[in-house]
Every structure is written in C-alpha cells, then in structure tokens.
Amino acid sequence: MTESVVTYRFLSKVMYPDGQHFTYEKTESLSWKVTENGYLLTLHGIGDELIDKKPPEEFDLIVSWLGRATYPVTIEMENGKIKNVYQIDDVRERWTKEYHRIIDLYENAGHIKDYIKRSSTNLATEETFIKAFSRDSITQLFYVGEYPQVLPVMLDNFPHVGEILPCKLLQRNYNNQEIYYNSESNENRGITLSNKAELYVKLTDKGYPELIQFLCKAEVAGKGIYNKRIELRQTNDKY
C-alpha cells in the first residue's frame, strides 16, 4: 500500500451570459492510499478561501464555516465512485458543535437557520453524505491510477442554483503524462438546450494529477451561454 500527500489550489468560476461572473478559490490538501480495488482519499482541510478575490463575508462566511467542519474526512473510492465514508461520526460531532456556535451568534437570522437546517440533511445518514460528496468537483475529477474511458460528471448548481447538469466525458487521448476528454450533448433538459464539456489532466511522473482543467458550456433558452470552469493545480501552498 502506497501513500502520497499533495496540496492543490482549487478554482471554480461561473461566467453568465450578461458578462457577470462568480469565482470561488481555496487551497486543499489531499492524501491517498492505494488499495486492491481502488484507493482511500483523505481530504485534510481547506484554507485561503476567496470569493471573487475577497475573503468570505456575511452569509458566505457561514457557508465556509460549516464546510470546514467536515474536514478531515476519508472516503473509499472504487471505480470512480464513493463506496464508503470513514470518520462520519467525527464529522457529525464537529459539524454539530459549529452549528450550535453559529446559532448562538446569529439567533435572530432566519435565513442562516434555514440554510443550516437544509445542510444538516447531508449528514443525516451515510447514504446522504455520500450523495452530497459525490457531487464534489474534486472527488469527481481527481483519480488515483488509471482514468476511465467514460467519465460521468455532475455539475451542481449549474447553470442555475438548484440544478444539476450531467456531462458524459469520453476519453479522446491518453498517454503517460496527459489525458484529454470531451463531450457534446444536444439533449434538451428543460430550458437547458445543450452543453459541451472538455477535460484536460496532466499527470506527474508518479501518475497522479498535477493539473486538472475542466470547462463546460451550457446554452439556456432565452438567456445565452453559461460557462463553468474548474481548475485544480498542484502547489506548495500550506492551508
């Protein structure tokens, strides 16, 4: 069994048809252990969060506060899917502790209480926690070992908040250092008329991702083109 530890800078940017955009950045440290059927991926924690180049404020600060409480967590990956979650009781304990601290500070803020109540459903059972983590960009795009020929990706809250856009990426080129995928869907999903996606992965000499770049363009009826960009780049930053 081998083990590696790396630190990445994560970027997620949504660009809207009217020219506005939303950007989220963070530093995240990962480690993994290769197993017989897959690998154990540990997410140690996040830091240096920026929203549109500024530290989180007000409501975004609460979202960040609760998000940090889920770390560290170890998930068992097999065939690109989450099979099991370790330390879930510890995650619940940390999350509940921070929940009470937030409620004490914002006892009169109804919208914050509503958000926390909705978020708590993700920790209700191991199944709901796995479902929530399965939509995380890192767990979907970061692979240890060989990347699959077909890579399904679910884009959460895209092109609109509350929506999930599925992309089916097909591997077009693969060698020891680079992998390239693309997809094109003309499937009509309500007002989302079509979407196109591309994925580029640069591997280190040890075979794990050094750089991951993903781009999806979705055409929405009456609105135009929405773009979502995701990047995960190895860095020496500390969280």
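**Residue E25 and the two largest pockets**

In this predicted model, E25 is classed as buried because its relative accessible area is 12%, which falls under the 20% limit used for that class. The residue is found in strand β2, which covers residues 21-34. Its side chain makes a polar contact, at 3.3 Å, with the side chain of K53. When residues up to four places away in sequence are not counted, E25 touches R9, F10 and L11, together with D48, E49, L50 and K53, so K53 appears both among these contacts and as the partner in the polar contact.

Turning to the pockets, the largest one has a volume of about 1,800 Å³ and is lined by 45 residues, of which V63, Y115, D136, D156 and N157 lie nearest its centre. Helix α1, residues 58-68, provides the largest share of this lining, with six residues. By class, the lining of the largest pocket divides into 25 nonpolar residues, ten polar residues and ten charged residues.

The second largest pocket has a volume of about 270 Å³, and of the 16 residues that line it, G80, K81, S134, Q140 and P152 are the closest to its centre. Two or more residues of this lining are given by each of the elements β5 (81-86), α5 (137-141) and β6 (150-156), and the largest share, five residues, comes from β6. The lining of the second largest pocket has ten nonpolar residues, five polar residues and one charged residue.

Definitions and conventions. Residues are numbered from 1 along each chain as its sequence is written. This is a predicted model: local features need pLDDT of at least 70, side-chain atom pairs count only at pLDDT 80 or more; totals for chains, interfaces and linings use all residues. Side-chain values use heavy atoms; hydrogens and water are left out. Helices (H or I, at least four residues) and strands (E, at least two) are DSSP runs, numbered from the N terminus. Buried means under 20% relative accessible area, exposed over 50%, partly exposed in between (1.4 Å probe, protein chains only). A polar contact is a pair of N or O atoms within 3.5 Å; within protein, one must be able to donate a hydrogen and the other to accept it, and residues adjacent in sequence count only if both atoms are side-chain atoms. Contact means heavy atoms within 4.5 Å. On a 1 Å grid over the protein atoms alone, a cavity is a set of points where a 1.4 Å probe fits but cannot get out, and a pocket is an open set with protein on both sides within 12 Å along at least five of seven lines; lining residues have an atom within 4 Å of a point. Grid points are joined across faces, edges and corners, and a volume is the space filled by probe spheres set on the points. Ala, Val, Leu, Ile, Met, Phe, Trp, Tyr, Cys and Pro count as nonpolar, Asp, Glu, Lys and Arg as charged, and the others, Gly among them, as polar.
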